[in-house]
Amino acid sequence: MIHGFMDQCKCVCGQQAFKTEPRNVTVRAGATALLKCEVLRASGVVQWVKDGLLLGPQRSLPGYPCYSMTGDQQKGQYHLQILNVSLEDDGPYECQVGRSVSSRAIVSRTAWLNVQIPPSQPYIQLESDEPWVEGDEYTVTCIAPDAKPPAEITMFRGTPSVFYPSICLSVCLYCPPILPSIYPNICSSVCPYMSIHMSIVYLYICLSVCPYVSLFQNEEVLSTSWEVDVVSRRSSSVLKMEVKPEDNHAVLRCESVNQVSRSPMSFTRTLSVLFEPAEVTLQGSFEAIEGQEINLLCYTSSSNPPVHIRWWLGFRELNNTDVTISEGDNGGMMTMSNLTHKVSREDNGLSLTCEAFNKGTRFSSVRSEELIVYYPPQKVWLDAPPPNVFLHSGTALRLVCFSSGGNPTGQLVWLKNNKVLQSASRQVSSERGVSRELLLTLQPSDNLATYRCDSSNKAKKVLSAQTKLRVLFPAVSVKVVAKQQELRRGQTLDLDCLAGSSNPTANISWSLGPVMLKGVDQAPKKAEFGGMSRTSKLSLTLESHHWKKRITCQAFSNVLSEGVNNFYTLNVLFPPEFSDEQPDQVKVTEDETAELPVKVSANPDEITCEWIFQGEKLVKERDPRYHFDDWTLEIVNVSRQDGGEYIIECSNAEGKNRTKLKLDVQYAPTVRMKSDPVYVNLGDTADLLCIADANPITYSMFSWKWMVREVDDLGEESEDEGTGLLTIYEVTRDRAGFYKCTADNGVAPPGSVEGQLIVRFAPELQKGPQWRKVASRGDGSSDANVVCQAQGVPRVHFTWAKNGFPLDLGNPRYEEKMEVTGTVHTSILTVINVSAALDYAIFTCTAQNSMGVDSLDIQLLSTNHPDPPSDLKLLRVDHNSVTLEWMPGFDGGLTQNFRVRYQWPGSASFMYVDVFPPTATVYTVTGLNPSTTYNLSVNAINTMGESSYADNNKILSVTTAGIFSSALSHDPSEIILIC
């Protein structure tokens, strides 16, 4: 192994060097390119680099099917061969030899492979894909893509002459430039083989049949200039054309060629130009008699596309046409339209129009002539009452006949029942036509008479209009006939109503007072004067309320708004009946007089009545409080026991009847709490229920009041029957106390009751500065009271600890005393004969109940000067005084008092004022000047010294009001605290 390596070293020892370096090569796409590289003393790995990418050390160059290294490797030949060259192969190449044990790496100079391709099929871009319009200017662009070097472009214009089929045959000995991208598998499968194989494969691909080859006549060169885009390898030629009719069907041809083209490539596009007809012609006769047919002709010169012809008579389109389209000049078409039309009188004077229009060019042209039609009178009409209008006999009536149209105008004649009337006035002419009037005084004979007006002229055609008059009169009589003599409740009464002759037929209606009844009308019968008579039958089931009432029959004409009527009076016998006004309930207040009325009627009206209560007949002898007045019952000094249901029974010769009446005795409420007191946990919902005994139970009868103080939102109030409910959500401690429930149903006096709400909450200890310290001299000569105060419900229990250890209250040196005031619980721990050594310590007070626990550390220490106050604030200011408030600090174990210090601008020093009473925490400084700014502060003093000033020596700056200003509470924004 070592020996072989040494032999190799002998062969290749020495610096590597290039014998032959690659040079720039230009090759046509599809051919084979060879970049030469020969290395002397090659000891390192030889590789080719394309665009900075290593192609690999193996000579077959895996991954690059068209690439390989050729030559004699023993002679140091590493030539790069590229088959079927394409544009992707265009670029820089280098031959590199890697470093070895005996030599450094070397890199050849860069060689460029320049691949040239013929242009691809050129194409033409038009400014618009829509057909061109004559007279407009358009832009035509010919583009020759994918050419290297860029293609040269020539544009031609000609007209097609000969067309014949042919076969295109392309024999290719190379892979075309576009083949790898379109058929990626062909290059890889074909290029490694011999060129003859490639030719066979590509010959199969390029063999095609061309549909036509076009030969052109009169071809002219339009453009030989073009622009080049080197980056995209594209040439383009732009041509501007002003279009004429002669350009229709002309052929534009674009031809491209470059240095490597075997032959020029071309592309053609046939133009389509829209142009208008030069002339529109209308021919024919425009006079005719009504009913005749006319034939007209309208035709145009050549246009593209062919024009559409439409015929109009006035604003009406005529469609009875025959259209012929034939070839015209410049590849256009000529349009001819024949119209056949049967004229009518409506056509007279209208414009007959031939409209030619071209949608492509938006061309429109019309030719018009006036049409003259001869016809008899066009219309005859009457000014007369409409057929559904009825006229009264004796009414004066004016009939007018009008005739319009006709050539010449018509002559008018009036007729009555086909007989000519000589009494008509003379005929009158006007712009609208002619008219003739007839004056009548209506008679009964005019009912249903026909009046006709005839109009005629030289055309010998008569037009007529007629009307039939309706003369109205009401029924001549109305009669009501009953079949029964004696009437009783529950019987059926049969009545007939007979209405005499009328025109129109009268409508018969029945009524009982204001109530309309439904009768059965019989078929009308013909009667005199052309009128009709009618009969109506009515069946009525009698009721007591019909007594003394009238049944009315009316024969009414809706057209005349006039009627004739007659009536029949009902005498109905019936037993006692109670009126709709008879109450079924009487309300009375307790201890007042109750009146129970009786409202009854009967026929005959001899009635007797009696009262029954709780099964017994009521008489004056039973209770002196009962009084009877015309069957009405009065009860004096009524009580709630009198309330209930009463029965009244009445009778006469026809029978008897009874009804019930409820006596509702109303009384004031008496109320009670459903439970008292009511317990609720802090934050829970409290329900206070108030029950009332009252009559009536009214809506919003209950009201609640908190006896502690007035509040806007007491809680949610509701009620159900005789129970009032006050619901308080998320109860807080301050909502505890007595609540008054008042029930007021409108009967005096209202009833009230008070109930207590007790809010259970966990103990809350007082923890201000004055509660956290206790002072004593500590010489064994005095006692110290350590006070712990808590609020809580239910009862709070206290335990004590000293320096974290439970305190033995059995020790005679300690005594505990408990005080309870409402929800405030106080535990006072007395330390007997305080010793500084034994008793100066932290005492922990723990307050506990079923709701929770709270604790506080209280320090027992030696007497000292007091702690400074805190929370100094302004309560009020006026022109000569300022009112302050503060929170006291620990008093140092001794009685403390307070002193206010203040100063104003220009003062030589501070002014001091001792607060009185000494322990007060609210004080008014007086004797101040108006409109002056004062700086105020406060501190505490005891026998051992004084504290610093409140709030870490902060100063409260306040300006007094003017002397004429009202005393106002100072706006906190005007208060300045100065450190």
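The legends below describe an overall view and several close-up views of a predicted model.

**Figure 1. Overall view of the predicted protein chain of 979 residues.**
The protein contains six helices and 85 strands. Its C-alpha atoms occupy a box of roughly 145 × 145 × 75 Å along the principal axes. The radius of gyration is 64 Å, whereas a compact globule of 979 residues would have one near 30 Å. Buried residues make up 40% of the 979. The accessible surface amounts to about 53400 Å², and carbon and sulfur atoms account for 50% of that surface. Of the contacts between residues at least 6 apart in sequence, 65% join residues at least 24 apart.

**Figure 2. Close-up of asparagine 304 in the loop between β24 and β25.**
The loop that holds asparagine 304 runs between β24 (293–300) and β25 (308–313). Asparagine 304 has a relative accessible area of 14% and is therefore classed as buried, the cut-off being under 20%. Its side chain comes to 2.5 Å from the backbone oxygen of valine 273. Valine 273 is also among the residues that asparagine 304 touches beyond four places in sequence, together with Ser272, Leu274 and Phe275. The other residues in that set are Asn248, Gly332, Asn358 and Thr361.

**Figure 3. Close-up of asparagine 745 in the loop between β67 and β68.**
Asparagine 745 lies between β67 (737–743) and β68 (751–765). Its relative accessibility is 8%, so asparagine 745 counts as buried. The side chain of asparagine 745 makes a polar contact with the backbone oxygen of asparagine 695 at 3.2 Å. A polar atom of this side chain also lies 3.0 Å from the backbone nitrogen of valine 747. Setting aside neighbours within four places in sequence, asparagine 745 is in contact with Tyr667, Ala668 and Pro669, as well as with Ala694, Asn695, Pro696, Thr698 and Met701.

**Figure 4. Close-up of the nonpolar surface patch formed by Trp226, Val228 and Val230.**
Together these three residues have about 280 Å² of accessible area. Tryptophan 226 sits in the loop between β16 (208–223) and β17 (227–229). With a relative accessibility of 34%, tryptophan 226 is classed as partly exposed.

**Figure 5. Close-up of the salt bridge between aspartate 496 and lysine 537.**
The closest N and O atoms of this pair are 3.2 Å apart. The two residues connect distant parts of the chain, 41 residues apart: aspartate 496 belongs to strand β44 (residues 492–502) and lysine 537 to strand β49 (residues 532–541). Aspartate 496 is buried at a relative accessible area of 16%, while lysine 537 is partly exposed at 35%.

**Figure 6. Close-ups of other salt bridges in the protein, which has 31 in total.**
Lysine 50 pairs with aspartate 51, with 2.9 Å between the closest N and O atoms. Lysine 50 is buried, at 12% relative accessibility, and aspartate 51 is partly exposed, at 47%. In another view, the side chains of arginine 777 and aspartate 779 form a salt bridge with an N to O distance of 3.7 Å. Both arginine 777 and aspartate 779 are exposed. A further view shows Arg157, Glu220 and Asp247, which are joined in a network of salt bridges.

**Figure 7. Close-up of aspartate 871 in strand β77.**
Strand β77 covers residues 870–877. The C-alpha atom of aspartate 871 is 7.5 Å from that of alanine 950, although the two residues are 79 apart along the chain. Aspartate 871 is in contact with Asp951, and also with Glu885, Trp886 and Met887, once neighbours within four places in sequence are left aside.

**Figure 8. Close-up of threonine 926 in the loop between β81 and β82.**
The flanking strands are β81 (922–925) and β82 (933–942). Threonine 926 has a relative accessible area of 54% and is thus exposed, the cut-off being over 50%. Apart from neighbours within four places in sequence, threonine 926 is in contact with Asn880 and Ser881. Serine 533, 393 residues away in sequence, lies 114 Å from threonine 926, C-alpha to C-alpha.

Notes:
Residues are numbered from 1 along each chain as its sequence is written. This is a predicted model: local features need pLDDT of at least 70, side-chain atom pairs count only at pLDDT 80 or more; totals for chains, interfaces and linings use all residues. Side-chain values use heavy atoms; hydrogens and water are left out. Helices (H or I, at least four residues) and strands (E, at least two) are DSSP runs, numbered from the N terminus. Buried means under 20% relative accessible area, exposed over 50%, partly exposed in between (1.4 Å probe, protein chains only). A polar contact is a pair of N or O atoms within 3.5 Å; within protein, one must be able to donate a hydrogen and the other to accept it, and residues adjacent in sequence count only if both atoms are side-chain atoms. Contact means heavy atoms within 4.5 Å. Patches are made of residues with over 30% relative accessible area and no salt bridge: like charges are joined within 9 Å, nonpolar side chains (Val, Leu, Ile, Met, Phe, Trp, Tyr) within 5 Å. Accessible areas come from the Shrake-Rupley method with a 1.4 Å probe; for residues, only the protein chains shown count as cover. A salt bridge is a side-chain nitrogen of Lys or Arg within 4 Å of a carboxyl oxygen of Asp or Glu. The radius of gyration is taken over C-alpha atoms; the globule rule is 2.2 Å times the number of residues to the power 0.38.
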